[in-house]
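Here is a short guided tour for anyone who likes to know a protein's layout before planning work at the bench. Have the sequence and the structure open side by side as you read.

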Amino acid sequence: MARLTITGEDVFYAQRLTSDAESSTVFIHGAGGTHRHWGHQIAGLSGTNLYAPDLPGHGRSGGQARTSVTSYAEFLSNLLEALGSTRATLVGHSMGGAIAQDLALNHASQVDRLILVGTGAKLRVLPTILEGLLNEFESTVDMILGYSYSEDAPQELVDLGRQEWLATTPGVLHGDFMACDHFDVRDRLREIRCPTLLICGEEDQLTPPKYSQFLQEQITDAQLTIIPKAGHMVMLEQPEEVSRAIAEFMKTTGA
Ligand code: COA
């Protein structure tokens, strides 16, 4: 666990460093999330320095949450620089996957590889979610939770997600979903040249597998892994499967 100040904002991040590792891997959580979403993956990967920040305004970080993907990507670019990383593998979930795509497009020299988990090139949000987050926070959180997990997900996992989201302020969650709603890079995906792994839960209702299939068709060097018995929170629902897919991709692409 560590902290840094980036352009005046106090940033918390989990880290696991390997003494002789030359590469860095940075995990980016989704809307209303924290570094804790990546616990299994951080514990399991080796051969690379691992970092998982809480985005500004989230979890244990201070600072101001953003309302655009590009603004979060600027923050990440500054964080990578502060960590001394020349090129990193980015692992992003949902909104975090949008941030990773933005970095690959607008800060390409900082990106070695992409791992996009439960995300898409466009992330329109149900208007009832956007309105409800400001007017009926708790019932809207319950509605989002209803879309977020596979039917088979253990109740404890869903309860933990509920606690986490209810601890987030409505403004932060609304800002994150607004950032998603405005994100659309469908016509720029051909510019992404780095090796890319796409991971999606078979039962994902928020960013369904067809979003990942579209990414696979459009990104030049992309492969897709669909994980059975998982919804949108695939890395929490099937952590071993996700960690295995990431480790295999890292091995075959040279880490
Ligand atoms: N990749 C590939 N295709 C996509 C896409 C993506 N990222 N995003 C949208 N599309 C497709 C849709 O599937 C649809 O295809 P179809 O016409 O063959 O059915 C088409 O593009 C238009 O979709 P969209 O722009 O989303 O408009 P819409 O008015 O049909 O639907 C919503 C709007 C909000 C209902 C819809 O986007 C949705 O259900 N989103 C998922 C729920 C959500 O809120 N997710 C949060 C993401 S963080």
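Which elements make a right-handed β-α-β unit? They are strand β3, helix α1 and strand β4, with α1 covering residues 39–44. Please keep in mind throughout that this is a predicted model.

**Strand β3 and its partners**

Let us stay with β3 for a moment. This strand spans residues 24–28, and five of its five residues are buried, so β3 is largely enclosed by the rest of the structure. Ser24, Val26 and Ile28 point one way from the strand, while Thr25 and Phe27 point the other way, and all are buried.

β3 pairs with β4, which covers residues 49–53; the two run parallel and are joined by three bridges. If you want a landmark in this pairing, look for Val26, which stands opposite Tyr51 in β4. β3 also pairs with β5 (residues 88–93), again in the parallel sense, over five bridges. Here the landmark is Ser24, opposite Ala88 in β5.

**A hairpin at the start of the chain**

How do strands β1 and β2 run, parallel or antiparallel? They run antiparallel: β1 (residues 2–6) and β2 (residues 9–16) are joined by five bridges. Ile6 stands opposite Glu9 in β2. The two strands form a hairpin with two residues between them, and Thr7 lies in the turn.

Thr7 deserves a second look for its backbone. Most residues other than glycine have a negative phi. Thr7 is not a glycine, yet its phi is positive, at about 40 degrees. Ser94, in the loop between β5 and α3, is another non-glycine residue with a positive phi, in this case about 55 degrees. As for their surroundings, Thr7 counts as exposed because its relative accessibility is 65%, whereas Ser94, at 11%, counts as buried.

**Into the core**

The largest nonpolar core has 81 residues. Which of its members touch the most other members? They are Leu76, Leu90, Ile99, Leu114, Ile115, Phe177 and Ile199. Take Phe177 as an example: leaving aside neighbours within four places in sequence, Phe177 is in contact with Ala31, Val125, Ile129, Leu130, Leu133, Ile144 and Trp165.

Gln101 is a polar residue to pick out as well, and it is found in helix α3 (residues 95–106). Is Gln101 buried or exposed? It counts as buried, because its relative accessibility is 0%. Not counting residues up to four places away in sequence, Gln101 touches Leu116, Thr119, Gly120, Ala121, Phe183, Val185, Leu189 and Leu215.

**Around the ligand**

The residues around the ligand are Gly120, Ala121, Lys122, Arg124, Val125, Leu126, Ile129, Cys180, Leu206, Lys210, Tyr211 and Phe214. Two of the residues just met in other settings return here: Val125 and Ile129 are in contact with Phe177, and both are around the ligand. The table gives some distances between ligand atoms and polar atoms of the protein.

| Ligand atom | Protein partner | Distance |
|---|---|---|
| Oxygen | N or O atom in the side chain of Lys122 | 2.3 Å |
| Nitrogen | Polar backbone atom of Arg124 | 3.4 Å |
| Nitrogen | Polar backbone atom of Leu206 | 3.1 Å |

**Two loop residues**

Thr207 sits in the loop between β7 (196–201) and α8 (209–218). With a relative accessibility of 3%, Thr207 counts as buried. Which side chains does Thr207 join in polar contacts? One contact, of 2.7 Å, is with the side chain of Asp204, and another, of 3.0 Å, is with the side chain of His232. Leaving aside neighbours within four places in sequence, Thr207 is in contact with Gly118, Thr119, Leu123, Cys200 and His232. Leu123 is 84 residues from Thr207 in sequence, but their C-alpha atoms are 7.5 Å apart in space.

Pro154 is found in the loop between α5 (137–148) and α6 (155–166). Its relative accessible area of 39% makes Pro154 partly exposed. Pro154 and Val141 are 13 residues apart along the chain, and their C-alpha atoms are separated by 18 Å.

Technical notes: Residues are numbered from 1 along each chain as its sequence is written. This is a predicted model: local features need pLDDT of at least 70, side-chain atom pairs count only at pLDDT 80 or more; totals for chains, interfaces and linings use all residues. Side-chain values use heavy atoms; hydrogens and water are left out. A nonpolar core is a set of buried Ala, Val, Leu, Ile, Met, Phe, Trp, Tyr and Cys residues joined through side-chain atoms within 4.5 Å. Buried means under 20% relative accessible area, exposed over 50%, partly exposed in between (1.4 Å probe, protein chains only). Contact means heavy atoms within 4.5 Å. Helices (H or I, at least four residues) and strands (E, at least two) are DSSP runs, numbered from the N terminus. Two strands pair if DSSP finds at least two bridges between them. A crossover is right-handed if, with the strands pointing away from the viewer, the path from the first strand over the helix to the second runs clockwise. A residue is near a molecule or strand if one of its heavy atoms lies within 4 Å of it. A polar contact is a pair of N or O atoms within 3.5 Å; within protein, one must be able to donate a hydrogen and the other to accept it, and residues adjacent in sequence count only if both atoms are side-chain atoms.
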